Amino acid sequence: MKITKINQNYNKCQFQGITQRVPQITINAAQDLHNQYQYFRFAKYYEALDDKIYPQNKFIRRENFSFLERIPQYLKRTFIEGYKMFTDFPNISKVSDKISNEFVGKALSAQNSDVNVLMAGYDPVCSIGLKHALPGSDIDKAYIILGRKQNSFRSDDELIANYKGALWESVDQRILSLNNENTFPEVYTIDKMFHTLDVLDSLTHRMGLDKDIEYFKQKRLFDINPVTAGEFNIKFARMNDQSEISKVYAKNFAYFIESVRDGKIAYTVDNDIINVIHERLNKSPFAWMSNVTQMGAHERQINAGMKDIKQKLRAREHLVDEFNMWDENAQFDFVSDLVKSVSKDQGTKFDKYFRNDDDIAERYDRLNIQLV
């Protein structure tokens, strides 16, 4: 699952979780508008991860977004057309491709002298995977696997923290948001991934849970109820005395390894790496039985027509025609909400394009509480 904030000292970079104020530019011309909107590429001007700790974040973001209210009428069409050109909106298929490319491109640009990216991917049935995303969407269950370069002697945790910091700084939030709960990419070095699997597999064997591997493998194929689908992980958590691995770590790793197992591969350095990783997963009882995401079952049901995509995604399918029929003010209002949606600060006027069918967080909370 996503970290709540990045707070690391390895490269003397601090992320305090407090939203930074955007310098406000007087907007009289198109260039002013361009310069003002450029600030919003940076995550620090949204910082929505720690709103519960820093309630002032919401007020600071409201102040940051106030530039939208100051755009004069004669520049609204300029802003709309500029936004469309920059994001590919309202073509949600092209928007989704742009988000995926941003993820991969910035994952690679965050590489450094210590690590390189071996593989990266995400949930195949999230809005991006289904090509139904809006600009500034988050990316569900994303993962990045790093390889250690020769002559690197830093700890895995230090390598990962430095890499996450670079990723946080480089991603253009106007395209891909890293500012929503539980959606920051999980990052592991390949060594740490394999070591964690070794520990979890050993525990799974000692607990005797591997005796039911065929039952849990079958359960992965169809069960999409988080609590019942996560039966193996719940049993593992109850039997885990935490002497070798904490319950929280085991839970978080389950979300990660299932993305590696079932997720869409957006980037790989070469096919040999895929083969090595999948060969290791195929030998892992934990990887075979873990089912906290139900990613594979959701994909099978959607592909088989047994389950529809979310209503908000279905509503977006007609956005090209609908948006082009709206008048300038309605288009501007929607684009303004898209700008704010990066940190979930949009209004309710266009709820059908943003609101989930049900309380997904509540359903997964019922599972997660049993895993820790």
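This briefing walks through a helix, a set of paired strands and a cavity. The model you are looking at is predicted. A good place to start is helix α1, whose buried residues line one face of the helix. From there, we move to strand β2, which is mostly covered, and then to the largest cavity, with a volume of about 70 Å³.

**Helix α1**
- Helix α1 spans residues 30–38, and its buried residues are L33, Q36 and Y37.
- Looking down the axis of α1, you will find these buried residues within an arc of 95 degrees, so they line one face of the helix.
- Among the elements covering the buried residues of α1 are α3 (73–87) and α16 (328–341).

**Strand β2 and its partners**
- Strand β2 runs over residues 143–148, and five of its six residues are buried.
- With strand β1 (residues 115–122), β2 pairs in the antiparallel sense over six bridges; here L146 of β2 is the bridge partner of V117.
- With strand β3 (residues 186–189), β2 pairs in the parallel sense over four bridges, and I144 stands opposite V187 in β3.
- To get from β2 to β3, the chain passes through helix α5 (residues 156–170), making a right-handed β-α-β crossover.

**The cavity**
- The count of cavities of 30 Å³ or more comes to one.
- The largest cavity is lined by N233, F236, A237, N240, K247, A250, K251, A254, F286 and L371.
- Two elements, α9 (231–239) and α10 (247–262), give two or more residues to this lining.
- Helix α10 gives the most to the lining of the largest cavity, with four residues.

Conventions. Residues are numbered from 1 along each chain as its sequence is written. This is a predicted model: local features need pLDDT of at least 70, side-chain atom pairs count only at pLDDT 80 or more; totals for chains, interfaces and linings use all residues. Side-chain values use heavy atoms; hydrogens and water are left out. Buried means under 20% relative accessible area, exposed over 50%, partly exposed in between (1.4 Å probe, protein chains only). The arc is that of the directions from the helix axis to the C-beta atoms. Contact means heavy atoms within 4.5 Å. Two strands pair if DSSP finds at least two bridges between them. A crossover is right-handed if, with the strands pointing away from the viewer, the path from the first strand over the helix to the second runs clockwise. On a 1 Å grid over the protein atoms alone, a cavity is a set of points where a 1.4 Å probe fits but cannot get out, and a pocket is an open set with protein on both sides within 12 Å along at least five of seven lines; lining residues have an atom within 4 Å of a point. Grid points are joined across faces, edges and corners, and a volume is the space filled by probe spheres set on the points.
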